[in-house]
Amino acid sequence: MTPSLPAPHLTLAVCDYPEHVPRDRWTRYAEQQKALGLSFVRIAEFAWSRMEPRPGEYEWAWLDEAIEAYADAGLKVVLCTPTATPPAWLIRAHPEILPYDREGRIREFGSRRHYDFASPIFREHSRRITRVLAERYGQHPAVVGWQTDNEFGCHDTARSYGGASAAAFPGWLEAKYGTLDALNEAWGNVFWSMEYGDWAQIRLPNLLVTEVNPSHLLDFYRFASDTVASFQAEQVAILRLGSPGRFITHNFMIFETGFDHYDVAKGLDFVSWDNYPTGMLEFFSSWMPDEIKTDYARTGHPDLIAFNHDLYRGLLKRPFWVMEQQCGQVNWAPFNPLPAPGAVQLWTAQAWAHGADTVSYFRWRAATMAQEVMHSGLLRHDETLDRGGLEVESQDLTAMPLGSVPARVALLHDYESLWLYDVQKHAASLSYWAQTVTYYRALRGLGQDVDIVHPDSDLSGYALIVAPALTLMTPERAAHLEAAAQHARVVFGPRSAYRTVSGRTPEDGQPGVLAELLGAKLLNFDSLRPGLSVRVEGPDHACDVQSWAESYRLTGAETLYRYVDGPQSGEAAVIRKGSVTVIGAHSEELLRAVLAGELRAAGLSPEQLPEGVRLSRRAGHTLLQNWTSQTVNLHGRELAPVSFALEAQA
Amino acid sequence: MTPSLPAPHLTLAVCDYPEHVPRDRWTRYAEQQKALGLSFVRIAEFAWSRMEPRPGEYEWAWLDEAIEAYADAGLKVVLCTPTATPPAWLIRAHPEILPYDREGRIREFGSRRHYDFASPIFREHSRRITRVLAERYGQHPAVVGWQTDNEFGCHDTARSYGGASAAAFPGWLEAKYGTLDALNEAWGNVFWSMEYGDWAQIRLPNLLVTEVNPSHLLDFYRFASDTVASFQAEQVAILRLGSPGRFITHNFMIFETGFDHYDVAKGLDFVSWDNYPTGMLEFFSSWMPDEIKTDYARTGHPDLIAFNHDLYRGLLKRPFWVMEQQCGQVNWAPFNPLPAPGAVQLWTAQAWAHGADTVSYFRWRAATMAQEVMHSGLLRHDETLDRGGLEVESQDLTAMPLGSVPARVALLHDYESLWLYDVQKHAASLSYWAQTVTYYRALRGLGQDVDIVHPDSDLSGYALIVAPALTLMTPERAAHLEAAAQHARVVFGPRSAYRTVSGRTPEDGQPGVLAELLGAKLLNFDSLRPGLSVRVEGPDHACDVQSWAESYRLTGAETLYRYVDGPQSGEAAVIRKGSVTVIGAHSEELLRAVLAGELRAAGLSPEQLPEGVRLSRRAGHTLLQNWTSQTVNLHGRELAPVSFALEAQA
Amino acid sequence: MTPSLPAPHLTLAVCDYPEHVPRDRWTRYAEQQKALGLSFVRIAEFAWSRMEPRPGEYEWAWLDEAIEAYADAGLKVVLCTPTATPPAWLIRAHPEILPYDREGRIREFGSRRHYDFASPIFREHSRRITRVLAERYGQHPAVVGWQTDNEFGCHDTARSYGGASAAAFPGWLEAKYGTLDALNEAWGNVFWSMEYGDWAQIRLPNLLVTEVNPSHLLDFYRFASDTVASFQAEQVAILRLGSPGRFITHNFMIFETGFDHYDVAKGLDFVSWDNYPTGMLEFFSSWMPDEIKTDYARTGHPDLIAFNHDLYRGLLKRPFWVMEQQCGQVNWAPFNPLPAPGAVQLWTAQAWAHGADTVSYFRWRAATMAQEVMHSGLLRHDETLDRGGLEVESQDLTAMPLGSVPARVALLHDYESLWLYDVQKHAASLSYWAQTVTYYRALRGLGQDVDIVHPDSDLSGYALIVAPALTLMTPERAAHLEAAAQHARVVFGPRSAYRTVSGRTPEDGQPGVLAELLGAKLLNFDSLRPGLSVRVEGPDHACDVQSWAESYRLTGAETLYRYVDGPQSGEAAVIRKGSVTVIGAHSEELLRAVLAGELRAAGLSPEQLPEGVRLSRRAGHTLLQNWTSQTVNLHGRELAPVSFALEAQA
């Protein structure tokens with residue numbers, strides 16, 4: 001549970017920037033915030049240049065005063081380490097802090113996140129500023145918790161393609177592999193004479209003549225992920241020492257893939273993430289069809305949002321915070337529509353139902369300067385309460401008690417599988433997220449609560465385990481899944497176990513160590529361009545398949561669906577061995593049919609929900625949600641457009 | 001008026017390149033030019049390597065002889081400074097002259113415009129070559145005027161993202177702001193700890209990790225614009241001294257946005273511009289729908305061309321020259337169709353009607369070498385008269401007397417507003433030009449002549465003033481517009497007064513200092529992706545709105561149109577206070593309706609013209625134009641496809 | 001004929017990589033290969049790091065043993081120089097070997113083809129490794145031939161835009177032109193003051209401010225092509241000395257344009273190429289419409305494949321090898337579908353019918369490591385025989401005797417014309433390949449066998465000569481074509497003879513030296529955007545024209561088709577003078593009509609074939625091919641989907 005929770009139900013917060021407004025606003029704003037029902041403010045994540053305007057010269061008076069104003073109004077403060085925006089004096093004194101982009105160019109000072117996580121000099125300054133902050137505010141009674149940095153990886157910043165990262169990568173590899181023979185073998189470097197004879201010969205996998213070796217990429221991504229994790233761990237260690245009893249969290253980003261979030265979440269008290277539903281659909285979901293982007297332009301898509309909620313709840317298997325919650329329009333997508341009336345309340349309620357203990361709106365007053373002047377806040381530029389602010393004002397928080405999400409379905413997710421999948425998509429219309437989210441959407445369309453969890457984590461509580469795209473397989477993971485299949489139904493999607501831990505394929509063919517559990521070997525896979533489809537037929541159902549179609553040679557499994565045309569005609573498309581099912585063909589319709597059957601077999605009750613209508617359960621309540629622009633009837637209730645209702649769980 | 005005008009009516013000219021053809025052609029060509037009815041030739045804008053083949057070694061014989069040939073045939077010569085193409089010896093001796101692109105790469109020698117306007121060394125050579133040219137030809141009787149350089153800004157060359165510009169920018173800022181505190185405040189640098197503690201810390205706003213600070217960008221654009229202006233001013237000063245009594249002009253480019261044209265036009269005698277109607281539509285008008293690009297492929301779009309005419313006439317509020325007039329097909333667009341029969345005459349007549357005193361065709365003979373061999377001229381490669389040449393031959397110039405354009409409608413345009421708008425479009429389907437041209441098209445579709453003028457210029461003569469996208473507002477500008485609203489109807493479009501002079505938003509919310517005049521405060525703005533629209537309803541008319549929809553809280557204004565669906569349902573979309581109307585929703589249909597009403601209210605007579613039919617008035621005549629491929633009837637006359645007629649003005 | 005041919009009919013081979021699998025597989029695989037009916041293996045083209053793991057330290061034991069295993073099984077070995085993948089130790093010791101991309105960035109080690117052909121250091125190492133290989137294996141009884149390097153030019157590697165190439169280019173120019181005056185004149189450098197005063201001033205034509213001078217580009221492309229040719233010539237000379245009696249070939253790539261293949265083929269015994277039908281359509285044929293890409297996704301398009309066969313047969317006018325033949329799915333296109341059942345046999349038979357003496361499948365076992373793990377082989381990862389392997393097993397090779405292709409139609413192709421065409425397309429929807437392949441498709445759709453040959457080669461045997469896009473014309477070439485027109489019908493396409501040998505236009509206009517033969521001068525050309533078309537009308541046929549329409553002033557020719565609308569209405573579109581026809585308008589329908597007439601006039605018998613049905617003739621047999629997914633009837637036979645039949649030639 002979140003430390004320092006002020007209430008047994010959902011609480012609200014806001015991101016505020018006292019340094020952006022005149023001092024005469026501080027007390028007034030804090031009182032308004034309290035009056036609006038907010039409990040926390042998150043501050044200072046970009047304020048390094050105000051904390052330390054010149055090297056080693058600290059200015060705390062403004063921050064002291066601002067925190068005092070919040071405290072006086074009865075608000076609790078979440079303070080941030082300001083390392084997402086190292087100031088100009090630091091960058092110009094040490095330009096080697098700057099990161100490189102994929103094209104080999106230095107990414108310049110002038111916006112944010114302009115640092116290489118591997119930079120020893122930046123590490124030193126990160127520890128220093130964290131230490132002085134912890135010393136000054138670590139035991140301040142109003143300061144209840146910390147956020148490390150801000151949105152690791154945003155703007156493709158988890159990886160730097162040069163400089164400090166390039167210098168550190170060979171050493172990381174040597175520490176991992178010990179010998180170059182081991183590395184050359186693991187990467188299959190014999191393939192194009194890519195074998196190394198000296199650690200110093202190894203560079204980062206960018207600006208190559210043609211395709212990258214996926215094993216090279218995989219280890220670079222692991223290196224970068226480790227570097228993010230150790231960067232944060234340094235801050236966490238300092239904060240633990242200097243600020244006992246306070247929570248530490250980090251605000252992760254929508255569908256971010258630059259590092260292994262399970263690793264980076266370790267050591268935090270709970271996870272936070274930043275929820276921007278309309279920007280998520282417009283900007284972060286390239287695989288969603290244009291038509292859906294238009295239909296859900298004003299609410300975002302319920303399953304994309306829910307996916308992120310469940311993903312972040314699953315990192316530590318613990319309730320979480322939404323540290324930044326869209327409450328108006330964003331400014332960073334190609335189109336930034338106004339949310340539908342009711343959307344802010346619906347987003348808040350959904351966040352609660354998926355396990356958020358606190359929802360913190362971004363931001364208090366719309367910024368009057370710089371990059372985000374077109375982004376709204378709870379207050380307009382003119383300090384009147386904006387549309388979102390009015391919705392916040394009228395929320396009933398006591399109806400949303402804290403507690404657990406009673407998911408009996410686990411969806412397995414793994415960043416290494418994602419990296420391997422996406423570096424060699426083979427069918428440009430699919431990706432790891434596209435495939436994984438399709439499974440997730442099918443489950444939610446069947447009325448299920450879902451935990452998104454790591455494949456190697458404890459799976460004992462689940463009745464159905466779905467592994468949509470578990471590309472990377474190890475013997476240990478296979479054994480773990482075999483054990484899970486003793487008590488649960490297990491469903492695998494296409495490309496399961498295509499790769500070993502080093503990114504090669506199994507020497508005995510796919511699915512390698514998983515073959516026994518699946519009762520099958522991979523026969524072929526087919527990559528389908530738009531307009532090209534194949535058809536599958538099962539016991540009482542047939543449908544078309546898009547993008548991907550793989551087939552199996554059975555060694556124990558039985559065939560559920562079979563291809564009835566195309567080059568794999570007659571071959572098995574969906575197979576089952578005991579409690580384990582493999583779906584080799586990509587089709588939303590097929591997925592819904594097979595998963596509905598699996599849910600029933602698992603003793604769960606699938607409920608086919610209409611488009612845009614969703615159910616989420618928490619703490620004995622069911623949240624009925626209508627994300628459409630029409631009134632709908634659900635469970636005997638009439639739900640207005642973009643609205644929700646709560647019912648006691650059966 | 002243009003100095004040295006040889007006639008009281010439209011005159012013609014041609015761009016010629018004696019250095020591209022054998023000497024035996026010079027006399028023959030000049031005589032042919034004269035026989036075709038041409039009065040001027042423009043020469044030598046790319047001839048530096050022939051004037052000065054080696055450092056300090058000048059060769060004038062060829063140019064003497066060429067000018068003599070023109071003079072002998074009775075042609076007047078417009079001579080150019082050749083600075084658009086510094087020769088190889090200069091660049092290799094001083095590679096620091098080369099500019100940088102946005103990606104931070106040096107832009108190499110090998111085509112044209114390969115210099116940084118801020119380069120002190122290039123400035124020195126620019127002054128030197130200008131001086132020797134002025135000394136040699138400044139008082140030559142055949143030389144009647146000068147063109148500075150060629151097409152400033154073309155190929156995105158107004159700004160260099162490195163080198164000399166990077167070195168000069170901090171000094172320019174220091175001169176402007178005096179203190180870093182002032183700069184940090186103006187730019188809102190506190191936002192992401194972007195505050196500077198030393199002028200030398202400031203770089204150009206490219207290659208950043210994510211979005212640029214719009215204030216940083218705005219000042220960089222101003223710096224670049226000032227640099228272009230001072231570069232030209234140096235040449236102008238030298239020419240004034242060395243070539244008294246001759247005119248000085250510059251040939252500006254279609255929709256060019258790299259600098260403030262009002263500033264750069266200062267000090268010229270008149271403005272010229274380069275009119276390529278088909279390339280303009282295909283290449284320079286990304287916002288025009290594909291269907292229109294096809295329909296007008298062979299003529300260009302009448303309103304795009306007219307917009308540029310009126311824009312360039314408005315820079316100095318004076319008749320202008322078309323220095324390069326397409327007379328066949330161009331070579332630089334993705335598609336380069338042949339013009340329709342009649343198009344060259346129609347373009348020429350339209351230019352006249354919009355205030356051109358001289359139209360100069362590009363070029364005499366199609367080039368037989370290098371980059372533009374696929375571009376046509378009045379002569380083909382084989383020296384026969386090409387299709388355009390035949391049209392030029394049969395033009396009746398005496399029907400086109402010089403005189404003024406009797407516009408009672410002013411359209412306000414401002415490059416700083418453009419820069420601020422386009423750096424944060426918020427709706428990817430709109431832009432400053434797209435929005436502004438939509439207003440312009442509506443006015444021309446209503447039969448109006450329009451002056452495009454700077455918002456801070458004298459507005460006393462106008463009955464209707466339209467400000468489609470005046471993003472940047474200052475107290476002085478607001479006062480000026482208030483004064484104008486005393487005698488004229490004023491119409492504002494969306495995003496009016498969104499920004500202050502430094503690119504921030506007003507601290508009291510939009511429209512800041514304009515609130516009193518508009519009688520309203522901004523409530524919200526809505527950014528609409530394709531497929532998403534909202535509906536507005538007025539007294540006797542309703543229609544759909546695309547791309548943009550903003551609403552107002554009224555503080556004196558009344559509502560004309562209201563949103564009837566979407567999140568702003570019920571809010572004001574079009575408002576009026578006295579003589580001032582604000583149109584907050586983007587819709588061609590809505591614009592036409594509101595502007596028609598405003599024209600009537602202003603005592604002007606809107607005339608709804610059919611698609612592709614246009615009227616333009618000058619010197620007591622109305623030019624009736626048919627840009628379509630069908631015959632049309634207009635004012636009792638039958639106009640053949642792609643043709644025009646002149647009628648005496650009522 | 002190919003040396004060392006083991007049989008009078010088509011033979012098969014496979015690309016194998018003993019270094020990728022454990023040693024215990026070598027004998028087993030070789031025996032399986034032999035049992036499958038294969039005669040040759042090609043090996044070692046990427047094995048440098050295994051041959052020479054450290055500078056100067058060679059390891060031959062593995063290669064000795066591998067070759068022995070093949071020999072023991074009765075297979076012949078084709079050995080490769082491994083220069084396509086210089087090892088890490090060489091690159092890190094001499095980073096100046098690395099090439100530069102068009103953006104001026106170094107292309108890094110980590111995949112393949114990471115070298116600049118102009119690098120003197122790399123040349124030295126190329127000669128050295130070739131020499132030691134030739135010394136060790138040049139006279140090995142199992143080694144019957146050599147492949148130089150691998151796929152010259154693949155991944156845009158024929159040209160390096162910096163480094164060694166930049167250093168060598170001025171010297172190449174000096175050797176060619178002697179004086180800078182000659183170069184400046186040839187390139188037309190006066191155009192934009194691009195004249196050079198020193199050889200060292202000349203750089204490569206990339207990263208320019210705007211369009212490149214096509215003459216500059218043309219010479220750079222020639223330089224790069226010469227450099228590829230001389231690089232290979234060095235290896236060939238060494239192999240000739242060290243490995244007498246063995247053949248030397250190179251495996252060229254699909255539609256590769258980075259060098260003049262006629263030059264680079266000189267000195268080889270025969271040409272090979274790498275045939276990937278599905279990847280060719282999806283990845284290498286950007287001009288093919290999406291609908292065709294979908295229809296032929298599982299077979300590739302017959303005419304694209306055939307075009308490459310005929311192109312590579314024509315380089316040396318000799319039978320060839322397919323050195324890499326797709327036998328399953330590829331991994332490098334956006335979509336990589338499974339081939340249709342029967343496709344591998346159809347591809348093999350088609351290759352034979354177009355002149356392949358040997359077809360070598362890529363590859364034996366699917367790779368279990370690195371970049372190509374998603375690419376199939378004859379064996380799956382799990383070592384079972386894959387779908388393609390099964391098709392190979394059941395082929396009847398004895399039905400496919402060696403012999404000549406009886407083409408009476410020549411299609412003229414020239415890389416310099418291609419370079420000039422594509423640098424200034426003028427209509428973005430056309431390109432040299434798109435235009436040329438349209439002519440080729442029309443001929444094959446009329447049942448014709450076609451030789452694709454160089455315009456300057458011996459044309460004596462042909463009844464019809466088609467020059468679809470012979471942009472570059474010289475007096476010698478014109479004379480050669482005039483001679484050919486004495487005995488054959490000759491057809492020219494649009495843009496014929498637009499350019500001289502240096503890339504300028506003829507001073508007397510197009511078609512310059514060809515005017516006499518064509519009986520016409522070019523009047524105008526028209527570039528048509530999608531949606532814009534014009535209509536032509538001939539004696540008994542009319543149709544629409546897309547993308548390109550040019551017209552002529554007749555000086556001896558007569559008009560066959562005339563434009564009946566658009567700006568060229570009334571002008572000649574298709575003309576004929578004696579045996580010479582010029583088709584100035586781009587239209588598949590028009591082409592088919594005119595070419596059918598020309599075939600009849602040439603005494604050949606056009607046979608209109610249905611879509612996807614093709615005929616190819618070799619050695620007295622006709623191969624009837626059905627590339628569609630329906631059964632078709634042809635010549636009284638029923639052809640199943642994706643199948644073929646052989647009939648004795650009439």
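Two strands are said to pair if DSSP finds at least two bridges between them. With that criterion in hand, the tour of this predicted model opens on a pair of strands in chain C.

**Strands β2, β3 and β4 of chain C**

Select residues 40–43 of chain C, which form strand β2, and then β3(C); the two run parallel and are joined by 4 bridges. To see one of the partnerships, display Phe40(C), whose bridge partner in β3(C) is Lys76(C). Next, add residues 143–147 of chain C, strand β4, which also runs parallel to β3(C) and is joined to β3(C) by 4 bridges. Here the residue to display is Val78(C), whose bridge partner in β4(C) is Gly145(C). Is strand β3 of chain C, at residues 76–80, largely enclosed or not? Of its 5 residues, 4 are buried, so the rest of the structure largely encloses this strand.

**The whole sheet of chain C**

Now widen the selection to the sheet to which these strands belong. In chain C, 9 strands make up an open sheet with parallel pairing, and their order is β5-β4-β3-β2-β1-β9-β8-β7-β6. At its edges are β5 (247–249) and β6 (251–252) of chain C, each of which pairs on one side only. Follow β6(C) to its partner, strand β7 (residues 272–275) of chain C: 2 bridges connect them in the parallel sense. Phe252(C) has Trp273(C) as its bridge partner in β7(C). Then select residues 343–353 of chain C, helix α13, which packs on the sheet and touches β1 (11–16), β8 (320–326) and β9 (356–362) of chain C. The direction of this helix makes about 150° with that of β9(C).

**Ser165 of chain C**

Move to helix α6 of chain C, residues 163–177, and pick out Ser165(C) within it. Its relative accessibility is 5%, and Ser165(C) therefore counts as buried, the cut-off being under 20%. Which residues is Ser165(C) in contact with, leaving aside its neighbours within four places in sequence? They are Asp116(C), Ala118(C), Ser160(C), Leu204(C) and Phe223(C).

**Helix α15 of chain A**

Change to chain A and select residues 415–423, helix α15. Because 7 of its 9 residues are buried, the helix is largely enclosed by the rest of the structure. The buried set consists of Tyr415(A), Glu416(A), Ser417(A), Leu418(A), Trp419(A), Leu420(A) and Tyr421(A). Among the elements of chain A that cover these residues are α8 (214–242), α9 (261–265), α12 (302–316), α16 (432–445) and α17 (475–484). At the N-terminal end of α15(A), display Asp414(A), which caps the helix with a side-chain oxygen 3.3 Å from the backbone nitrogen of Glu416(A).

**Between chains**

Finally, show chains A and B together. In chain B, 52 residues are in contact with 58 residues of chain A. The two chains bury about 4,900 Å² between them, and 54% of this is on carbon and sulfur atoms. Highlight Phe191(B), Trp192(B) and Arg529(B), which contribute 17% of the area that chain B buries against chain A, more than any other three residues.

To compare the copies, superpose chain B on chain A: a rotation of 120° with 0.0 Å of shift along its axis gives an RMSD of 0.0 Å. Chain C can be laid on chain B by a turn of 120° and a shift of 0.0 Å along the axis, with an RMSD of 0.0 Å. These two copies are thus related as by a three-fold rotation axis.

Technical notes: Residues are numbered from 1 along each chain as its sequence is written. Chains are lettered from A and ligands numbered from 1 in the order in which they are written. This is a predicted model: local features need pLDDT of at least 70, side-chain atom pairs count only at pLDDT 80 or more; totals for chains, interfaces and linings use all residues. Side-chain values use heavy atoms; hydrogens and water are left out. Buried means under 20% relative accessible area, exposed over 50%, partly exposed in between (1.4 Å probe, protein chains only). Copies are superposed by least squares on the C-alpha atoms of residues with pLDDT of at least 70 in both. Contact means heavy atoms within 4.5 Å. A polar contact is a pair of N or O atoms within 3.5 Å; within protein, one must be able to donate a hydrogen and the other to accept it, and residues adjacent in sequence count only if both atoms are side-chain atoms. Axes are lines fitted to C-alpha atoms, for helices over the stretch in contact, and angles run from 0 to 180 degrees between N-to-C directions. Buried area is the accessible area (1.4 Å probe) that two parts lose on being put together, summed over both.
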